[in-house]
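Work through these exercises with the structure open beside you. Try each task before you read its solution.

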Amino acid sequence: MMPPPPSDTASLTGPGRVSVCCRVRPLLPNEVAQGFQRAPWELTARSISLRERQLTRAESELLREGEGHASTKSLKTRGELRNLDHLRRPDDETIMDHVFGERATTEEVYRLAFRDIVHAAAEGMNGAILAYGQTSSGKTFSISGSTAARADGEMGDKGIIHFALEDLFAELQGKASATSGSEYLVRMSYCELYMERVNDLLRKIGPQSQNLTVKEDPEGRGFYADGLKEKIVSSAEEVLALFTEAEKRRRVAHTRYNEVSSRSHTLLTLCVECSMPLEGDVPLGEDPEPAQVTRIGRLVIVDLAGNERLEAGTEYVAESSSINKSLFFLGKVIEKLAARGSRGVAGEEGDHVPFRDSKLTRLLSVHLGGNSRTGLLVTLTPAADAVEQSLTTLRFAQKAAEVRCVAKPVLVSKEQSLIVKQREIIAQLHNQVKSLQEEVQQRASPQLSGRPVEDDLAAERQQCAAQLQALVLSSTEQGSSFVSKSREVDTVVTALHRNMDVLQKQKALVVDNMKALYKAVNDVNASLAHAAEVLRSGQDTAAAASILASAGSVPDTSVAWAPAVLELREKLQLLLAAAKDSGQLPEG
Ligand SMILES: Nc1ncnc2c1ncn2[C@@H]1O[C@H](COP(=O)(O)OP(=O)(O)OP(=O)(O)O)[C@@H](O)[C@H]1O
């Protein structure tokens, strides 16, 4: 029997086991049109049972045929079929944390069954939401919503993903603004498991995105897909835009039971890093920075591919049997973990759990019976035809509810924290910009000619310096929220890089100008000495003036200081003439 459900005040760590809930979808219009009958499911808020054993459609057909041909021995009578009801348990009732009928909305499902998991993730704890059920039972509808646009042009129904993202970012933003010094950073990845291959759905289809290797974390934090892209995201809208784009790369197919059937398992992972000031008095050591504690929680939302009965005529046999195989291994893992749970054996002890038998169980190992707050949604098709598979699904849920898992905050060191790394990079960039600013200012100070180097350049430089200053100031003043909002981080870092590039180009220009100016002034000096020498040796002023006429090489008359050098030449010519007249010639 399942342990009692969590109370409203259940702590963020969860009920200490996988929480399970069930959703029965309505009969679809095409099913009604085909004459599908409803199975007599009886639902309460926490239980689901069959009022009576109903014959499946196939069985009914068989029966009709049998009754029509009483002599046919191989066909079963109604009584015999009823006796075949081996699937009924003695009490024929499954207890759940929550049971949702066909009128329940996805929002209700989310709020009652999964919201706490998302809140725990915002506190830096691991969490998982998994949807399991036979094909066409409503897993994707519950997880991702309905993609079909409504007649009014609005998007279709929202899925658990939409509500989870809205909650997660609202929670994180609330925390960042309520607690000074609190910061967060969210990274997203999205992959599919298709026929035992892990494909990155955030990357374009290509060699780098397909068939990623699943590796074991050397620090004992489960398994990961090597090379899976993690994108820093800052809002629910951003995640949803990436998700929608990525969905186009997912393997789906039209099957007998579902127009758009998922042929792969998908894992949307949100890695939530929260950094907050350590509570209480912290003695000030050598490190002047206030002490921060950083937690990283991984929230994974899994839409499992539907298991399917392989019958004659089943299309996509290889895909379907691969799906069934990985779900079989998932079932085995759950069975072992449940056995451990019922014996009260926690953690790594007890029987061997075959996590390594499939990539799905490897990737989910932390969330199944480890440090995670995990919730399972099983979805059922209401049709009488599907009763056997629905009962199998319920048995899976019942086993899963015996799996122990306890979420604890995952603390990480400074070295593992991306927030801390970002802060360091930004500090480095600030320092680089500051030293560049100082260098440019030194170069730009009034030089030998006694006038500013270049008015336009100076004005541009000043404007740039002011912009930089504003950026540096805003980043320091905004403190936590600056680092917290990753898009702003991206913008600021890009702006800093851009400004650095501009400053470096300006610096190179200033240096070139300065060199040319030095050369011109030296030339003028040399010509002046030469002209004085000529005059002293008794030649006339015309010869000296012609030497001075070419004094100071001006590489390009458009440079700002060219007129000044030319003016200087003229003045020198006049001065020389005056000096000659007065007999006072400069020495060498
Ligand atoms: N609660 C619901 N209310 C209305 N329609 C639903 C509901 N659940 C599912 N449906 C509809 O049922 C059909 C099958 O649902 P969905 O694709 O979500 O099934 P699935 O379990 O993900 O199947 P598969 O494993 O083949 O991908 C879809 O047309 C979907 O819109």
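**Exercise 1. A small sheet**

How many bridges join β2 to strand β3, and in which sense do the two run, parallel or antiparallel? Then place both strands in their sheet.

Solution. Keep in mind that the model is predicted.

Step 1. Find β3 at residues 47–50. It is joined to β2 by 3 bridges, and the two strands run antiparallel.

Step 2. Look at the connection. β2 and β3 make a hairpin, with 3 residues between them.

Step 3. Pick out one pair. E42 lies opposite S49 of β3.

Step 4. Now turn to the other neighbour. β3 is joined to β4 by 3 bridges, again in the antiparallel sense. Here S49 has E93 of β4 as its bridge partner.

Step 5. Put the strands in order. The sheet is open, has 3 strands and reads β2-β3-β4. Its edges are β2 (41–43) and β4 (93–95), as each of them pairs on one side only. From one strand to the next, the twist averages 20 degrees.

**Exercise 2. Two faces of a strand**

Which residues of β3 form its covered face, and which its uncovered one?

Solution.

Step 1. Recall a general rule. In a regular strand, side chains alternate between the two faces of the sheet.

Step 2. Apply the rule to β3. I48 and L50 make up the covered face. S47 and S49 make up the uncovered face.

**Exercise 3. A covered strand and its partners**

How many residues of strand β1 are buried? Find the strands that pair with β1 as well.

Solution.

Step 1. Go to residues 19–24. In β1, 6 of the 6 residues are buried.

Step 2. Sort them by direction. S19, C21 and R23 point one way, while V20, C22 and V24 point the other way. Both groups are buried.

Step 3. Take one partner, strand β16, at residues 373–380. β1 and β16 pair in the parallel sense over 6 bridges. Opposite C22 stands V378 of β16.

Step 4. Take another partner, strand β5, at residues 98–100. β1 and β5 also pair in the parallel sense, over 3 bridges. The bridge partner of C21 in β5 is H98.

**Exercise 4. The nonpolar core**

How many residues does the largest nonpolar core have, and which have the most contacts inside it?

Solution.

Step 1. Count the core: 100 residues.

Step 2. List the residues with the most contacts inside it. They are C22, I160, A164, I301, V378 and A397. C22 and V378 also face each other across β1 and β16.

Step 3. Zoom in on I301. Leaving out residues up to four places away in sequence, I301 touches I129, I143, I160, I161, A164 and L268.

Step 4. Look for another core. A second, separate one has 12 residues, including L528, A532, L535 and A551.

**Exercise 5. Around the ligand**

Which residues come nearest to the ligand? Describe the shell too.

Solution.

Step 1. The shell holds 19 residues. G138, T140, F141, S261 and G306 come nearest.

Step 2. Sort the shell by class. There are 5 nonpolar, 12 polar and 2 charged residues.

Step 3. Trace the suppliers. α5 (139–144) and β13 (261–262) each give at least two residues. The largest share, 3 residues, comes from α5.

**Exercise 6. Two loop residues**

Why does E123 count as partly exposed, and why does K248 count as exposed?

Solution.

Step 1. Locate E123 in the loop between α4 (106–122) and β6 (127–133).

Step 2. Count its neighbours. E123 is partly exposed because 19 other C-beta atoms lie within 10 Å, and a buried residue needs 20 or more.

Step 3. Locate K248 in the loop between α7 (236–247) and β12 (252–253).

Step 4. Count again. K248 has 9 other C-beta atoms within 10 Å, so it is exposed; the cut-off is 12 or fewer.

Step 5. Compare sequence with space. E123 and E273 are 150 residues apart along the chain, but 8.8 Å separates their C-alpha atoms. K248 and L201 are 47 residues apart in sequence and 8.6 Å apart in space, C-alpha to C-alpha.

**Exercise 7. The whole chain**

What percentage of the 588 residues in the protein chain is buried?

Solution.

Step 1. The buried share is 38%.

Step 2. Add the elements: the chain has 15 helices and 17 strands.

Key
Residues numbered from 1 in each chain as written. Predicted model: local features only at pLDDT ≥ 70, side-chain atom pairs only at ≥ 80, totals over all residues. Core = buried A, V, L, I, M, F, W, Y, C linked by C-beta atoms within 7 Å. Contact = placed C-beta atoms within 7 Å. Near = placed C-beta within 6 Å. Helix = DSSP H or I, 4+ residues; strand = E, 2+ residues; numbered from the N terminus. Nonpolar A, V, L, I, M, F, W, Y, C, P; charged D, E, K, R; others polar. Pairing = 2+ DSSP bridges. Axes fitted to C-alpha atoms, helices over the stretch in contact; angles between N-to-C directions.
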